[in-house]
Amino acid sequence: MPPCLLSTRPPSLLVSCSASPGAAVGVAVAVRSPPQPPSPSLSLDSTTALPSLSCSLQCSHFQSCSGCTHEFNLHRPVIVDEATDFFKNHGVSDFTFDTCRLYGWRCRAKLAVRGISMSPLIGLYQEGTHNVADIPDCKAHHPGINAAVELLRQGSFFSLFRFFSTNMFCLDYYSDSKSSFLLIFGIKELNIEPYDEDQGTGDLRYVQMAVTTHNTSLRAAERYRNGKVQITLVWNSRNEKSSNSDKLDALAKFLWRNGGSWSKNHHIHSVWANFQTSTTNVIFGNRWRHLLGESDFWEHVGGIDISLTPSSFGQANTRAFDVLLRKLQKYVPHGASVTDLYAGAGVIGLSLAASRNCRQEPLVKCSGEPLSWLVGSDVLVVDPPRKGLDKSLVDALQTISSVERKAKFSSESSSVKEKEEKRPWILRAREASVQIGSKTDSEDSRSFPRTLIYISCGWESFKEDCKSLLSSKAWRLEKAHGFNFFPGTQSIEVLAVFKRGQAVGLKKKKSGKKKKKKSSL
Ligand SMILES: C[S@@+](CC[C@H](N)C(=O)[O-])C[C@H]1O[C@@H](n2cnc3c(N)ncnc32)[C@H](O)[C@@H]1O
């Protein structure tokens, strides 16, 4: 029996659970809920009792698939309680949590392909094993991904017999094709072999599906559900000239013919190949080839259009990411200079640059200081992988105030020296260096960021990093928000805003205490 949170949170008649507007993909209907407008945010008011069944997963693959670990209360993972307490204990009592879209949210998936040709398994590894759970009806996937997986399954593996016996609907689907018989015959001929890890044999190892919902020819409300899928076939060969390349070519053409721009049911954006022969667990090899469809994959997020290659890091939950980016923009002043670390394809930095009209700061390198690349930045944004910040960065951020003091001191003393300089040839050389735009010492004295925005997908590592930053007294927490990036799991995305130094109130309190002590003596 999967864990049911009904026992911890009794259902109430008034339901305040609602998915983001437009979350019409496998929608959970609020039980006994009076009609109410969709609300993208949930209040964390503890008096608001929430139902379980209204936001339950109801997925036939739950338990066999490792993707989702929690079946109920998708709108409010249990970890939100812990996060609320954590932030309260660190001075932020108004932590908010955005429920976002609960179903069909995953726009990026890497799925293993295993089993046998007649009966392939396309899905995720079962917990702690290398057995793949087939997940054709995954509730987390954008429906376009499930449709593309189904097409892939037909194209790659269906035998003529199985095709006729269990998928008669496909005949209608293909009936307007000029040569449906040839097509069916072709499917059998493809006979793609799923990868066999033990032997290192087979053709298709993994498939990556990425959905773009950026289609400006559709009304905004229709774009999400009409998203198109970029398919990357991770092929077990060194390159496109290997012996099984005919099969790859045939599979790509099959996918494109039946899901591409000329097909009746256009849901495939493009087909790519990645070549990988390594026997390790690394999914992708270094060689990528665009095969069919559009080569550019555009997405619209955080107010910008961004083109990602299949090898780029992309957030799986595009809509929730958009909600986060819009919240993030509010913490960056207009015209600020921003440094974006762990930037991946640079979506965050570009979104801020566009929405906040950010100032461009040339990179300044002053020798000897690990934080030199932050000189002149007003805001630092970090978005590390699940394991959190690199230790060297935490160390640098902990010592940022003393580094700044040192930098200021050295630039002040050098400007004193500058003033004392009388030799005309030195003065002329200095003037020339300013004219060609190179940095002088005095410019290095500009301060380091006063704001640090930490975006985290790893709650445990975030807590550790947060404690380290706060314990150094170089930073204080000012705001924190959570986002439901991964409904069905206990992972949330956190956006935490830190400011330099300690809270003014805290300092005052301390000096007040001292005074009292003195007077009591
Ligand atoms: C959670 S992703 C965020 C990417 C980007 N901010 C976004 O939202 O699209 C973390 C990124 O950091 C990169 N990364 C991981 N370790 C890194 C390191 N030590 N230095 C720089 N980047 C790193 C990863 O490749 C990945 O692109």
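**Exercise 1. The annotated binding site**

Work out which residues carry the UniProt feature "binding site" and where they sit in this predicted model.

*Solution.* Start with the record: UniProt, in an unreviewed entry, puts the "binding site" feature at Gln 315 and Tyr 342. Next, check the spacing. The two positions span 28 residues in sequence, yet their C-alpha atoms are no more than 13.1 Å apart, so they gather at one spot.

Now place each one. Gln 315 belongs to the loop that runs between strand 11 (304–307) and helix 8 (318–329). For Tyr 342, look to the loop between strand 12 (338–341) and helix 9 (347–355).

**Exercise 2. Buried or partly exposed?**

Decide for Gln 315 and for Tyr 342 whether the residue is buried or partly exposed, then list what Tyr 342 touches beyond its sequence neighbours.

*Solution.* Count C-beta atoms within 10 Å; 20 or more others make a residue buried, 12 or fewer make it exposed, and anything in between is partly exposed. Gln 315 has 23 others, so it's buried. Tyr 342 has 15, so that one is partly exposed.

For the contacts, skip anything within four places in sequence. What's left for Tyr 342 is Val 382, Asp 383 and Pro 384.

**Exercise 3. Around the ligand**

Find out which residues come nearest to the ligand, and sort its shell by class.

*Solution.* There are 13 residues around the ligand, and the nearest are Phe 313, Tyr 342, Gly 344, Val 347 and Asp 383. Tyr 342 we've already met as one of the UniProt positions, and Asp 383 as one of the contacts of Tyr 342. By class, the shell breaks down into nine nonpolar residues, two polar ones and two charged ones.

**Exercise 4. Two asparagines with positive phi**

Take Asn 73 and Asn 191, and say what their phi angles are, where each residue sits and how buried each is.

*Solution.* First the angles. Asn 73 isn't a glycine, but its phi is positive, at about 50 degrees. Asn 191, also a residue other than glycine, has a positive phi near 45 degrees.

Then the locations. Asn 73 is in the loop from strand 1 (41–42) to helix 1 (79–89), while Asn 191 is in the loop linking helix 5 (180–190) with strand 6 (204–212).

Last, the burial count. With 24 other C-beta atoms within 10 Å, Asn 73 is buried; Asn 191 has 15, so it is partly exposed. One extra for Asn 191: its C-alpha atom is 8.7 Å from that of Gly 155, although 36 residues separate the pair along the chain.

Note on methods. Residues are numbered from 1 along each chain as its sequence is written. This is a predicted model: local features need pLDDT of at least 70, side-chain atom pairs count only at pLDDT 80 or more; totals for chains, interfaces and linings use all residues. A residue is near a molecule or strand if its C-beta atom, placed from the backbone, lies within 6 Å of it. Ala, Val, Leu, Ile, Met, Phe, Trp, Tyr, Cys and Pro count as nonpolar, Asp, Glu, Lys and Arg as charged, and the others, Gly among them, as polar. Helices (H or I, at least four residues) and strands (E, at least two) are DSSP runs, numbered from the N terminus. UniProt positions are given in the numbering used here, feature names are shortened, and annotations may be inferred rather than shown by experiment. Two residues are in contact if their C-beta atoms, placed from the backbone, lie within 7 Å.
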